[in-house]
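I set myself the task of reading one structure slowly, going from whole chains down to single residues. These are the entries I kept along the way.

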Amino acid sequence: MTAPTYDLGTLHGGLRLTANKSASTAKPIFDIPVPAQLVLPITQHVGDPAHPVVGIGERVLKGQLIAEQDGTFGAPVHASSSGKIVAIEPWPVSRRFGDNAPCIVIECDGEDRHIERAEIAPEFTQLPPEVLLAQIMHGGIVGLGGAVFPTAQKLMQARTCEIEYLIINGVECEPYISCDDVLMRERAVEIISGAQILMHALQIDICFVVVESDKPEALHELGSVLGAVADERITLKQVPTIYPSGGEDQLVQLVTNREVPSGGLPTDVGCLVQNVGTAAAVHDWVIDHEPLISRVTTVTGDGVASPMNVRARIGTTVADIVNFTGGYTDRAQQLIIGGLMTGKSVTSDRVPIVKATNCVLVISEAPSPGPELPCIRCGECASVCPVQLLPQQLFWYACADDEKKMRDFGLIDCIECGCCDLVCPSHIPLTFDFRMAKGRIRELADEKARAVRARQRFEARNERLEREQAERDAELAQQKETARTAGPAAIAEILKRKRQQSEDDE
Amino acid sequence: MEFPRREAPFLGPRANVASMMLQVLAALVPAAMAHVWFFGPGFVFNLLVAAVFAAAGETLMLGLRSRKPGTGLSDYSALVTAALLAFALPSLTPWWVTATGALFAVVVAKHLYGGLGFNIFNPAMAGYVLILVAFPVHLNLWVAPRMGDLDYQALTILQTMQFTLTGSLPDAISFDAVSRATPLDIMKSGLNNAKTVTEIRAIPIMGDIGGRGWEWIGNFLAAGGLWLLVKKIIRWQIPVGVGLGLLVPTTIMYMIEPGSSASPGFHLFAGATILCAFFIATDPVSAATSPRGRMVYGLGIGFLIFCIRRWGSYADGVAFAVLLMNMAVPVIDYLTRPHIVGHDDHGDKNG
């Protein structure tokens, strides 16, 4: 077993939150059976929607491609069980991609027949990185930590930069969520194997597997596997349990003490971060040829009878999952996809589990915090902000709609972690206000861009008209000049030609 | 199943303004009891008058500004203002003086600037300065502290109440018999009359460090302030800033001219220094807001207290120092913005 190391950078602020994870980590991962129906959104990733390649009525097999990647930025979608395509229509989804989104609905036949797997591919270490990257692209793999950035594109972007470190993110800092924790406990081998594949794809030699201190079992498992694998390129790191140290940029800062530049990516400071789930998915695809068609999700909260972690097929609806795990309790008043701090509340449990869904949280209504009071500038928000913003000042400028000041004070750097909301004694919904303000700034920027384009078009048109006028003038001047220099002889010639013409006409 | 829509985060807030204000009030209780012990029951009357008029002013202004009075009063900020004002006033103060200060603090300094969260000036200090300008004579003399070994004439509750209500003492008692100049006044006038610090300090009312009674109230205020620090109601930058801003120059002067400069300890415990460091300057609304900014703000107040005490015509300078630094807050906040993670601070000024 390899003991974790602790040498870390510093992260400002953050909060220690009540974890509420023990209810769901007590049991092993439960496999959700094949549901009657699967609902697969064609957009489960950042980027262009996938393009359906199956028709209504068509029968599909488990693992079959049903929507292919369209455009340079995106990911394909695979059928997560066998059955018949019954509809391709808008369906309620978790709000990240709008309220309703086009989905492929499969009526499952319950046989769960798998498409024929490709022949055994050569050992991945024999493959050139480019081939490996192209292969990863076809697996439908996206970042499973929540950002759902297509993994292949993330790796390709990283290949264009100088990358030093691969960071495998096992820091699951939001309360209630424990899917990565149980995954690390049960599938440490696959996670480490995935990390090795990713290192080969990136052609780098340093990898940190980072886990929070409140997950001793996961640390132990990973340590044992690392001891057995004896791959000295990989180091296990333990970080303190402080929310939001699992955020990508925060983790980079914590592990390497490098700050990801504003508006930049971890690759700008030589780091690539991948979630433990993503690493396992890469292993499943590259080694076992199983595309991303299922994931581990935490089903928890006082609104479900039996909190646990489940492995569910992508496309299984929340209603089906909750039924399979034992149903709701009478305290079920709010349905949240994701965690308490950054999750999205959804209005219907018809939404399907997608690649991004790390948690289905059903809780009772929180007691009303009371009315929103004026900001008293106590500065608690600033003391917990992991990006070291001054939320109290930003709030002021957001109220005044002062775009320049909001930019100056780093509104776009806000990661919307929600820490400031929690400590605000005046109960101001700061995170929500900042989200709105960001939207307005984006709108303004769009408007400005449109105005600039319109002005450019107008100027281009004026320029063109002027140029044409100038050309005409030049031509006229040329004719005059010709006439003048050619002298009387030419004029006589022209007159003669004219006369000739009129005679011909007669 | 259908569910309502909410916005993240889904965790309720951990703190609220009312409980913060209540904890500030609680932290003042030991010092208030010491105040009553040393300077008699007048403090209680001052507090009552200030609280009633501050609450009345708050209710009136919230009504005029079409806000629900309930929400404003329930945050207890008016009570904190009243308590700080009561601490700043001599225990023998006629009710109309206290009432004027309390009303000015709440109505003008707080609500005319937009109410809680928008006031530029610390309301209690604005109220105090109004009294200082309008009724200077009432701030000059404090009732003599309980002296133990020395003879002094203590006032009964009824006698104190009579003074509070009418502004005069029973005929048998002369004001001079029960009142004394404050240690800061004694120090100032003593130095002006070319006495040495050692001579001045020999007067019994000067106590061990900062004046009989005052030093003990200071201890209790400091204890309350430390408790607020532990509870994270206030942060360390402002108290430390005020302390350093005052102690550094006074120490230097004390080392250069010990004969004509009061000791740093005297400056710390005499007057309202400790009250200011933990309770007045730490009012978040009128203070600077970034950590470095708060340090600068505290240092500024401490240094101004030193300047006013040494070269000004007032014996104590806390109220003016706080109000002057209140004015500097916007520029302090602008110049002391913390480094935002991921920003290049050199090329960032016009961001």
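The entries below go through the two chains, their domains, a few helices and one residue.

**Entry 1: what kind of model.** Before anything else I noted that this is a predicted model, and I kept that in mind for each entry.

**Entry 2: chain A as a whole.** I looked up the secondary structure of chain A and found 14 helices and 17 strands. Along its principal axes the C-alpha trace spans about 110 × 65 × 50 Å. I then asked what radius of gyration a compact globule of 506 residues would have. The rule puts that value near 23 Å, but chain A has 30 Å. Of the 506 residues in chain A, 50% are buried. I also looked at contacts in chain A with a separation of 6 or more, and 72% of these belong to residues 24 or more positions apart.

**Entry 3: the domains of chain A.** The domain assignment splits off domain 1, residues 22–325, and domain 2, residues 380–441. The centres of these two domains of chain A, taken over C-alpha atoms, are separated by 31 Å. Where they touch, domain 1 of chain A gives five residues and domain 2 of chain A gives five residues. On the domain 1 side of that contact I counted by class and found one nonpolar residue, four polar residues and no charged ones.

**Entry 4: helix 7 of chain A.** Is this helix, residues 248–256, enclosed or open? Eight of its nine residues are buried, so helix 7 of chain A is largely enclosed by the rest of the structure. The buried ones are Glu248(A), Asp249(A), Gln250(A), Leu251(A), Val252(A), Gln253(A), Leu254(A) and Val255(A). I wanted to know what covers them, and the cover includes strand 9 (165–170), strand 10 (206–212), strand 11 (234–239) and strand 12 (271–275) of chain A. Just after the helix I stopped at Asn257(A), which takes a positive phi of about 60 degrees.

**Entry 5: chain B as a whole.** Turning to chain B, I found 17 helices and two strands. Its C-alpha trace spans about 80 × 50 × 35 Å along the principal axes. For 351 residues a compact globule would have a radius of gyration near 20 Å, and the 22 Å of chain B agrees with this. Buried residues make up 50% of the 351 in chain B. Among contacts in chain B between residues at least 6 apart in sequence, 76% join residues at least 24 apart.

**Entry 6: the domains of chain B.** Chain B is divided into domain 1, residues 17–181, and domain 2, residues 183–336. I noted 20 Å between the centres of domain 1 and domain 2 of chain B, taken over C-alpha atoms. Their contact takes 32 residues from domain 1 of chain B and 29 residues from domain 2 of chain B. Which elements supply at least two residues each to the domain 1 side? They are helix 1, helix 4, helix 6 and strand 2 (179–181) of chain B. The largest share, eleven residues, comes from helix 1 of chain B. By class, this side of domain 1 of chain B has 25 nonpolar, five polar and two charged residues.

**Entry 7: one residue of helix 1.** I chose Ala34(B), which lies in helix 1 (residues 17–39) of chain B. Ala34(B) counts as buried because it has 20 C-beta neighbours inside 10 Å, and 20 or more is what the label asks for. Leaving aside neighbours within four places in sequence, Ala34(B) is in contact with Trp216(B), Ile217(B) and Phe220(B).

**Entry 8: helix 5 of chain B.** I checked the length of this helix, residues 95–110: at 1.5 Å a residue, its 16 residues should span 22 Å, and the end C-alpha atoms are 21 Å apart, which agrees. Helix 5 of chain B also bends by about 30 degrees at Phe104(B). Phe104(B) is one of the buried residues of this helix, which include Trp95(B), Val97(B) and Lys110(B) as well. The buried residues of helix 5 pack against helix 2 (42–64), helix 4 (77–88), helix 6 (123–134), helix 7 (136–140) and helix 8 (157–166) of chain B.

**Entry 9: where the chains meet.** Last, I looked up the contact between the chains, which takes 37 residues from chain B and 56 residues from chain A. The chain B side has 18 nonpolar, eleven polar and eight charged residues.

Conventions: Residues numbered from 1 in each chain as written. Chains lettered and ligands numbered in written order. Predicted model: local features only at pLDDT ≥ 70, side-chain atom pairs only at ≥ 80, totals over all residues. Domains from an automatic or database assignment. Contact = placed C-beta atoms within 7 Å. Nonpolar A, V, L, I, M, F, W, Y, C, P; charged D, E, K, R; others polar. Helix = DSSP H or I, 4+ residues; strand = E, 2+ residues; numbered from the N terminus. Expected span 1.5 Å × (residues − 1). Bend = angle between axes of the 7 residues up to and from the residue. Buried ≥ 20, exposed ≤ 12 C-beta atoms within 10 Å, placed from the backbone. Rg over C-alpha atoms; globule rule 2.2 N^0.38 Å.
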